Amino acid sequence: MFQMVQFLVPSGPKRPGNPSVSQPAGQNRTQPAHNEFLQHVRTVTGLRQQDMFYNLRVPNESQTDRDEISLVLLTGHGVLCIDLKTWSGSVSARSETRVRSQQQNLSSVSVEQLPDALQAITVKSRNLCSHMMRCGLKVRPSLFIPRMLLLSEDCALRDELLVSGTEVQAFLHSLRGGYVSWLSDAFTPSWISGHLSYGQMRALREHLELMGTWDLLLLSDGQELNGDFQSCRHLALNRHDTDQLEFSRAGSLITDTLWSLLGHTPQVTVSMYKRGAQGWLGKPLIATATIPSSTRVIFRIRGETADAKIPAGSIRSITLSI
């Protein structure tokens, strides 16, 4: 069994909480380090935005759940399935690992055992290939390439599937295609070159765009939660048609409190917008509904095992994944 143990990792900050949320708040949709890295990937590789997919959720082998792939890059050489890790310190892969005694004197040290990290991305890459085959695409399994990137330069582990620290830049440069490779792919049949044909890339891109990621819930205080929107009483929607829900209160928090003291229930107006590209006047409005601000929105925060029940009055918007 492949196991990874992480040493000398400073304890991270606690996740911010919100008294109006019945479950602990999750992390932001995209961490700043990942945001910067994604922009760096585009700059170095020259890949188009439409060929980069972040936080795709792939059905597992039994199709009973979905596993997340941090980054999927669509290139002529194949579909790169990449898990990004921000570990730092000393990482080792052993079946059994013991913490050295001298580390016990470091108060800021965190030791974490991570099961089968490389095997996980290998399985997820294979599951993505199986999903594409179920969708009718005939692509060789060898063109789905698993990799794990350690973004911290002071973290290293040798493995053919893993790119660590100082090797990341060279790996990204290797993805940049030149005019020679472009001409070669244009005139050489894919069954000879072993690369993806233009038709395969177009079909893969279309199906990858239909795969979901996480829903994004934005609270009134600016905090972002990512996870899965479950339901909301008084609201009936089809997520395949609905792209975003916007929550707006008629009054301020003070006026809502005053109305509550007088026995009135503050209301929230929910605007539902059509999925798809924006028109000249913005996204088309599907419907609106007025609900009590105390209505609970059921939302499974990423990484949590229980649903959060969030008052509608504390929500600014919900962006729905496919």
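User: What makes two strands a pair?

Analyst: Two strands count as paired if DSSP finds at least two bridges between them. In this predicted model, β13 (residues 267-274) and β14 are joined by seven bridges, so they pass that cut-off of at least two. Their pairing is antiparallel, and Met272 stands opposite Ala287 of β14.

User: Which sheet do they belong to, and in what order do its strands run?

Analyst: It's an open sheet of eight strands, ordered β14-β13-β12-β17-β10-β11-β15-β16, with antiparallel pairing.

User: Why are β14 and β16 said to stand at the edges?

Analyst: β14 (285-292) and β16 (308-311) each have a single partner strand, so one side of each has no neighbour in the sheet. On average, neighbouring strands here are turned by 30° against each other, ignoring direction.

User: What makes Arg57 count as lying over the face of Trp214?

Analyst: Arg57 lies 3.7 Å from the ring centre of Trp214. The distance limit is within 6 Å, so 3.7 Å fits, and Arg57 is indeed placed over the face of the ring. As for aromatic pairs, the structure holds zero.

User: How confident is the predictor, on the 0 to 100 scale of pLDDT?

Analyst: The protein chain has a mean pLDDT of 76, with 66% of its residues at 70 or more. Residues 1-30 are below 50, though that stretch has 110 contacts beyond near neighbours in sequence. Residues 95-106 are also below 50, with 13 such contacts. Where pLDDT is low, predicted coordinates shouldn't be read in detail.

Notes: Residues numbered from 1 in each chain as written. Predicted model: local features only at pLDDT ≥ 70, side-chain atom pairs only at ≥ 80, totals over all residues. Heavy atoms only, no water. Helix = DSSP H or I, 4+ residues; strand = E, 2+ residues; numbered from the N terminus. Axes fitted to C-alpha atoms, helices over the stretch in contact; angles between N-to-C directions. Phe/Tyr/Trp six-rings, centres within 6.5 Å; stacked < 30°, edge-to-face > 60°. Lys NZ or Arg CZ within 6 Å of the ring centre and 35° of its normal. Contact = heavy atoms within 4.5 Å.
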